Amino acid sequence: FPSHDINHYVVKHEMMIWSVDEFNRFIEKVNDPIYSAAFKTLYWCGLRKGELFALTVRDIDLKRSIINVNKTYDHVNHITTTPKTLNSNRVVTMPKEVSQAIGQLLESYKQYDGFSVDSLVFGVNKHITSTTLKRVQENACIKSGVRIIRIHDLRHSHVSLLVSMGFNPLEIAKRLGHTVEMVNNTYSHLFTNSQDTMIDKLNKLQRESQKKIDKNRIVN
């Protein structure tokens, strides 16, 4: 390949991760409630962008704080289709912040004529666009000083959070709508980093335990 093609490939597939602090700084600068809820859902639930755009009111269960993912929006052909794989059909539990953001959004939609369970969660009767989503993100990044990442990297960031909290590939695969093999292939480096963190914590625990033993010896 010519050098510019290789560079394009590397940039396209480079995985970038937002920490929780970075996301919180970013989301403070997103004022539109539709896009604020959208970014919270992408970051804290790990949905694909097409899955997010395809969500309808009937897919949201606020009482149980869950999202039923059962379709995706094709941006090229502008149609809603079934997911490409069976694994993509899944139930995703929402953290409280996401559930509240979506709940407030749906409450505000009730003023619109024709609002129903078939209305879009993000846009009511018209899909928000990828270009607008990206523009809102870039503007908020500039205002907050947070580095700009791809929209899909919000999904990677979610996986990074799950790995850091000790969840295994099977648990993560179910939440993402992946197979375990896909999780291992895509995020193996995150699990390696997680192992290092685990060792650090184990070493710290061992040192603290030894200090207590040594202290008791001195007292006795």
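Helices and strands here are DSSP runs, numbered from the N terminus. In this predicted model, the protein comes out with nine helices and five strands. Reading from the N terminus, the order is α-α-α-α-β-β-β-β-β-α-α-α-α-α, so the strands, as DSSP runs, sit between one set of helices and another.

As for overall dimensions, the C-alpha trace spans about 80 × 55 × 40 Å along its principal axes. The accessible surface adds up to about 13,300 Å², with 54% of that belonging to carbon and sulfur atoms. Of the 220 residues, 40% count as buried. Looking at contacts between residues at least 6 apart in sequence, 62% join residues at least 24 apart. On the charge side, there are 30 positive and 22 negative side chains, and the centres of the two sets lie 3 Å apart.

Now for the interior. The largest nonpolar core holds 44 residues, and the ones touching the most other members are Trp18, Phe26, Phe39, Ile67 and Phe122. At least two residues of this core come from each of α2 (20-27), α3 (33-45), α4 (49-54), β2 (66-69), α5 (96-109), α6 (130-144) and α7 (153-164). Helix α3 chips in the largest share, with nine residues.

Phe26 gives a closer look at the packing: setting aside neighbours within four places in sequence, Phe26 is in contact with Trp18 and Phe39, and also with Gln137, Ala140, Cys141, Ser144 and Val146. There is a second, separate core too, made up of 10 residues, among them Val163, Ala173, Tyr187 and Phe191.

Key:
Residues numbered from 1 in each chain as written. Predicted model: local features only at pLDDT ≥ 70, side-chain atom pairs only at ≥ 80, totals over all residues. Heavy atoms only, no water. Helix = DSSP H or I, 4+ residues; strand = E, 2+ residues; numbered from the N terminus. Buried < 20%, exposed > 50% of the residue type's maximum accessible area, 1.4 Å probe, protein only. Contact = heavy atoms within 4.5 Å. Areas by Shrake-Rupley, 256 points an atom, 1.4 Å probe, with all protein chains shown as cover. Lys, Arg positive; Asp, Glu negative; His and termini not counted. Charge placed at Lys NZ, Arg CZ, Asp CG, Glu CD. Core = buried A, V, L, I, M, F, W, Y, C linked by side-chain atoms within 4.5 Å.
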